[in-house]
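The following exercises concern the pairing of strands, the packing of helices and the contact between chains. Each task is followed by a stepwise solution.

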Amino acid sequence: MLNNKVAVFRREHFNAAHRLNNPDWTVEENKRVFGLCNNDNYHGHNYDLEVKVVGVPNPSTGYVLDMKWLSELIKVEILNKFDHKNLNLDTVEFATVNPSAENIAIVIYGLLRAKLDTSLDLKIRLYETERNFVEYPA
Amino acid sequence: MVYLTRLEHFNAAHKLFNPDWSKEQNEEVFGVCANENWHGHNFDLYVTVKGIPDLGTGFVYDVKKLSTLVKLHVIDKLDHKNLNLDVDFMQNKMCSTENLAIAIWEQIVPHLPENVTLHCIKLCETARIYVEYYG
């Protein structure tokens, strides 16, 4: 029997500066592990975000959820906090968390999960570059 | 005439901020791009040279040599850097994509052989925003 769940996707993007650094390590160890990503003066990326929501289409609307509402949610919860920001310096979420793509995806998941109906499944895919991207939950 | 293009990438932080203006004026003109703690981009750089293909090789220019030249004189200086703070050829310049394209042109031109002409630097700041500089 066919599962009548449908996945809907929304793509957004944000441009941000960051650096990878563990404050508990020495300068040498940070450089050894993180390489160029440890630059003291930060570097940056155009992050591409794919938000996947899975659910059963509502019989009245035909929607899993209103994509305009999802777009606005992403804007308020994610883009307004991260776009054109320095993730290490300008965000509470990464004040003590290393802003690797993995951790950014986990944070984004948490921020959106809190606002979505529990009947919906959520997955985040985050592209740090065209070649490097992460998915959470795995 | 044949045009040969090599695509390279670099990931960098920058901000648009005129030190002669107040913070308010910078924010009014540059908006979010004036964030004092910088933001960042994955830049795509298209370097186009032009010439007549060599009879012996069929090349306008050996694209491996072009890639090495661009990496040495441009990418290594920009990738994973802060364009406002870390780049010697961007000091005392506004760090716009326009100015960066001009500066990249100036970094490359002196190192090309005589029979190869730099035609265009195309610099993509995002998928929607890019500049072209023809010298």
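**Preliminary example.** Ala17(A) stands opposite Asn86(A) in strand 3 of chain A. The model is predicted: local features need pLDDT of at least 70, side-chain atom pairs count only at pLDDT 80 or more, and totals for chains, interfaces and linings use all residues. Residues are numbered from 1 along each chain as its sequence is written, while chains are lettered from A and ligands numbered from 1 in the order in which they are written.

**Exercise 1.** Determine in which order the five strands of chain A form the open sheet.

*Solution.*
1. Helices (H or I, at least four residues) and strands (E, at least two) are DSSP runs, numbered from the N terminus. Two strands pair if DSSP finds at least two bridges between them.
2. Strand 1 and strand 3 of chain A pair in the parallel sense over two bridges.
3. Strand 1 of chain A also pairs with strand 2 of chain A, in the antiparallel sense over 13 bridges; here Ala7(A) stands opposite Val54(A).
4. Strand 4 (residues 121–127) and strand 5 of chain A run antiparallel and are joined by four bridges, with Tyr127(A) opposite Phe133(A).
5. The order is 3-1-2-4-5, with mixed pairing. Strand 3 (85–86) and strand 5 (133–136) of chain A are the edge strands, each pairing on one side only.

**Exercise 2.** Classify the packing of helix 2 of chain B against helix 3 of chain B.

*Solution.*
1. Axes are lines fitted to C-alpha atoms, for helices over the stretch in contact, and angles run from 0 to 180 degrees between N-to-C directions.
2. Helix 2 (residues 63–78) and helix 3 (residues 97–108) of chain B pack at about 125°, with their axes 9 Å apart.
3. Angles under 35 degrees count as roughly parallel, over 145 as roughly antiparallel, 65 to 115 as roughly perpendicular and the rest as oblique. The two helices of chain B are therefore oblique to each other.
4. The contact (C-beta atoms, placed from the backbone, within 7 Å) involves Leu69(B), Val70(B), His73(B) and Val74(B) of helix 2 and Ile104(B), Gln107(B) and Ile108(B) of helix 3 of chain B.

**Exercise 3.** State how many residues each chain gives to the contact between chain B and chain A.

*Solution.*
1. Chain B gives 19 residues and chain A gives 19 residues.
2. On the side of chain B, strand 1 (2–14), strand 2 (39–51) and strand 3 (81–82) each supply at least two residues.
3. The largest share, four residues, comes from strand 2 of chain B.

Terms used:
Contact = placed C-beta atoms within 7 Å.
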